[in-house]
Amino acid sequence: METVSENKCFGGTQGVYSHKSSSTGCDMTFGLFLPEEAESGPVPILWYLSGLTCTHENAMTKAGAQAWCAEQGIAIVFPDTSPRGEGVADDDAYDLGQGAGFYVDATQDPWAPHFKMWSYIAEELPAFLGENFAIDLERQSITGHSMGGHGALTLAMGLPGRFKSVSAFAPISNPSASDWGRKQLGAYLGNDTSAWAKHDATLMMRETGFKGPMLIDTGTEDQFLDLLKPEALAEAVHAKRQQATLRLQPGYDHSYYFVSTFIEEHVAFHADALYNS
């Protein structure tokens, strides 16, 4: 592991670290905020998965989560959104390739050799964090924005018992029924749509749901609302009778101004589950 940077932040430490990933076959970089309590022993952790075009840095610098995580005594990790580097496949479009991993394990060329983001987030990075930092892997929760919201929901439902709670900001909720999903799932997983089901939050909600609390915020002025399809997930939540709070926030768009407005509530929501469930 290489320490890229470490800075004092709200009594704790905001670090950026790089390591060679066996899942993606390249170097991966992540941000990790550890509260002051981590100096005395392992602390709970909140995962923040970012959206299209983002790196580990976007939410780390724009969401304002560290102050609220410090207040609650929890760590927060900001993984990258895809593999990167020389020899890693890419595409000229912003919504495919580097910066657009969609949190799946690709099976199709040219993506399959490196685009293993499900394995990286679900298996490799948690183990790496547990080995190298004061993280309590028995107390994990997950959130994300847009493509990262899609990842948070599908990982939470796809890994039963792993996360105490899940939340999302403007998640891509029904990608198999959206132009913003069919393109990527087809490219990474092939044309057999049955392989897409475990990466579609609406389909997963209908099938399995999530045993725990769920919070989802979406802005009514989100410029990608038709692609996100929050109404499909809402219908599935209702049919499943899932424990969930789904909110449409008047006037808010898809930006980090939206995320930073509601991040305090999301951190508090997760802290309650991490400490009391």
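Here is a short tour of a strand, a helix pair and a few loop residues in this predicted model.

Residues are numbered from 1 along each chain as its sequence is written. Because the model is predicted, local features need pLDDT of at least 70 and side-chain atom pairs count only at pLDDT 80 or more, while totals for chains, interfaces and linings use all residues, and side-chain values use heavy atoms, with hydrogens and water left out.

**Strand S8**

Let's start with strand S8, residues 214-219 (strands are DSSP runs of E, at least two residues; helices are runs of H or I, at least four; both are numbered from the N terminus). Six of the six residues in S8 are buried (under 20% relative accessible area, with over 50% called exposed and anything in between partly exposed; 1.4 Å probe, protein chains only). In a regular strand, side chains alternate between the two faces of the sheet. Here both faces are covered: Met214, Ile216 and Thr218 are buried on one side, and Leu215, Asp217 and Gly219 on the other.

S8 has strand S7 and strand S9 as parallel partners (two strands pair if DSSP finds at least two bridges between them).

| Strand paired with S8 | Residues | Bridges | One bridge pair |
|---|---|---|---|
| S7 | 166-169 | four | serine 167 with leucine 215 |
| S9 | 245-249 | five | arginine 247 with aspartate 217 |

**Helices H2 and H9**

Next up, helix H2 (residues 65-72) and helix H9 (residues 256-276): their axes come within 9 Å and cross at roughly 30° (axes are lines fitted to C-alpha atoms over the stretch in contact, and angles run from 0 to 180 degrees between N-to-C directions). That makes H2 roughly parallel to H9 (the cut-off is under 35 degrees). From H2, the contact (heavy atoms within 4.5 Å) uses Ala65, Trp68, Cys69 and Gln72. H9 brings Ile263, Glu264, Val267, Ala268, Ala271 and Tyr275.

**Loop residues**

What about histidine 199, buried or exposed? Histidine 199 counts as buried, because its relative accessibility is 3%. This residue sits in the loop between helix H5 (179-189) and helix H6 (201-207). Not counting residues up to four places away in sequence, histidine 199 touches several residues, among them Tyr103, Trp118, His150 and Met204.

The loop between strand S5 (75-79) and helix H3 (117-132) holds proline 110, which a cis peptide bond joins to aspartate 109, with omega about 5°. Phenylalanine 102 is found in the loop between S5 and H3 too. Phenylalanine 102 has a positive phi near 60° and is buried, with a relative accessible area of 0%.

Lysine 229, in the loop between helix H7 (225-228) and helix H8 (230-240), has a positive phi of about 55° although it is not a glycine.

Key: Parallel < 35°, antiparallel > 145°, perpendicular 65-115°, else oblique.
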